[in-house]
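Student: I've got this model open and I'd like a close look at one helix and how it sits among its surroundings. Could you walk me through it, and then set it against a few other spots in the chain?

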Amino acid sequence: MPCVSLIMTVQNGEKYLAEAISSLLEQSFLDTELVVVNNGSNDHTLEILEGINDERLKVISIAPDPRNTFASGIAEALKASVGEYVAVQDSDDISEANRIEKQWKYLEAHQDVGLVGSKFYVIDQFGKTLGTSADLPESDELMQKYAEGNSLAHSSVMFRREIAVKSGGYNQRFAYACDYRLALDILNAGYKIAAINQPLIKSRRHVDQETVKKGSEIIRNQNLLALLQHAQGLNFLNKKSILKGRRQITKAKFQGVLNSIMKGDYFSAFKLFIDAALEAPIYIMVYAFVRTVRGQFKDTPQPQETHGNNRLGFK
């Protein structure tokens, strides 16, 4: 049985797939399997996968279906994995050659940690480096940040498979935030989350990513709102983190108001506005409203490179 399962889901990812898979099969740590779910692709994805001659590669093909999502694909990959540890990578990203070895050693040395991530390089569609994500805090501070959202890029994480499976695996209700939900479940199971303060992956930005496509904003915001509310139940949060989390909840509600207005659903917009106004103190409401409107209407929105939740959905 392999020590580490590398899992990936791909839908029409022919452009970057070969490079992504090569980065995993050419790791310095060799005791691995690679489980790739071909999640309803209709391009040359399957041909690329079938052309790879490596006994560690396990391919699962799923027929095209409008209900296929990133969450359903990565959940299937996790179910098929058998390693003690599971490392995730998106189908257009690249892992540094020593990534798996470093994360395996970290989890072996820190038995109280259930999931570990890392910093990352940001690259464009041609592989040119655009920058590096911000430094990550120590474990205790990093865990506090989960009250405000997902704090690690999904492609950078490795976790203990048994804990993830016992926690329910990837919750497919959250098509655009299944990794945030899994992290919260691991925290609720009593394990820590930590990070290696070194870039171990190259995270690609390009126009084909699901999270930059028009129409996904409403579902993404609904997923985020539900999980921010769920995160308020983490039993280790301090008062400052709880307050920051409440700010993000109110901000997500105001984003829902704007989304509903843009859809012409004024009833839902009014309902969400009243809900936010009744629940939040005035200073939180004003803060969240200003931040939401400023983010909605500024000319060039900037990605939050230190968070993982901007990389969810198919890419």
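**A close look at helix α7**

Tutor: Let's start at the end of the helix: α7 is followed by G190, and the phi of G190 is positive, near 100°. Keep in mind that this is a predicted model, so everything here is computed from predicted coordinates.

The helix itself covers residues 178-188. Is it buried or exposed? Ten of its eleven residues are buried, so α7 is largely enclosed by the rest of the structure. The buried set is C178, D179, Y180, R181, L182, A183, L184, D185, I186 and L187. Notice that charged side chains are in there too, D179, R181 and D185 among them. At the start of the run, C178 has a relative accessible area of 0%, which puts it under the 20% cut-off for buried.

Now for the partner. α7 packs against helix α8 (residues 217-231), with the axes 10 Å apart and an angle of about 10°. An angle under 35° counts as roughly parallel, and therefore α7 and α8 are roughly parallel to each other. On the α7 side, the contact is made by Y180, R181, L184, D185 and N188. Those residues fit a helix pattern: residues three or four places apart point the same way, because an α-helix has 3.6 residues a turn. From α8 come L224, L227, L228, H230 and A231. Sorted by type, the residues of this contact are six nonpolar, two polar and two charged. Y180, R181, L184 and D185 are on the buried list as well.

For contrast, try another helix pair, α9 (residues 239-263) and α10 (residues 266-279). Their axes come within 7 Å and cross at roughly 160°. That makes α9 roughly antiparallel to α10, and the crossing is left-handed. α9 brings R246, I249, T250, K253, F254, G256, V257, S260 and I261 to the contact, while α10 brings Y266, S268, A269, L272, F273, D275, A276 and E279. By type, that contact splits into nine nonpolar, four polar and four charged residues.

Back to that positive phi after α7. Most residues other than glycine have a negative phi. G190 is a glycine, but N12 is not, and N12 still has a positive phi of about 55°. You'll find N12 in the loop between β1 (4-10) and α1 (17-25). N12 is partly exposed, with a relative accessible area of 35%.

And since C178 came up, what about cysteines elsewhere? C3 counts as buried at 14% relative accessibility. How many disulfides does the structure hold? Zero.

One more stop is Y106, in helix α4 (residues 99-109). Y106 and A194 are 88 residues apart along the chain, yet their C-alpha atoms are separated by 9.4 Å. Setting aside neighbours within four places in sequence, Y106 is in contact with V113, V116, A194 and I196.

Zooming out, the protein chain has eleven helices and nine strands, and 51% of its 315 residues count as buried. Among contacts with a separation of 6 or more, 79% come from residues 24 or more positions apart.

How values were computed:
Residues numbered from 1 in each chain as written. Predicted model: local features only at pLDDT ≥ 70, side-chain atom pairs only at ≥ 80, totals over all residues. Heavy atoms only, no water. Axes fitted to C-alpha atoms, helices over the stretch in contact; angles between N-to-C directions. Helix = DSSP H or I, 4+ residues; strand = E, 2+ residues; numbered from the N terminus. Parallel < 35°, antiparallel > 145°, perpendicular 65-115°, else oblique. Left-handed = near helix turned anticlockwise from the far one by under 90°. Contact = heavy atoms within 4.5 Å. Buried < 20%, exposed > 50% of the residue type's maximum accessible area, 1.4 Å probe, protein only. Disulfide = S-S within 2.5 Å.
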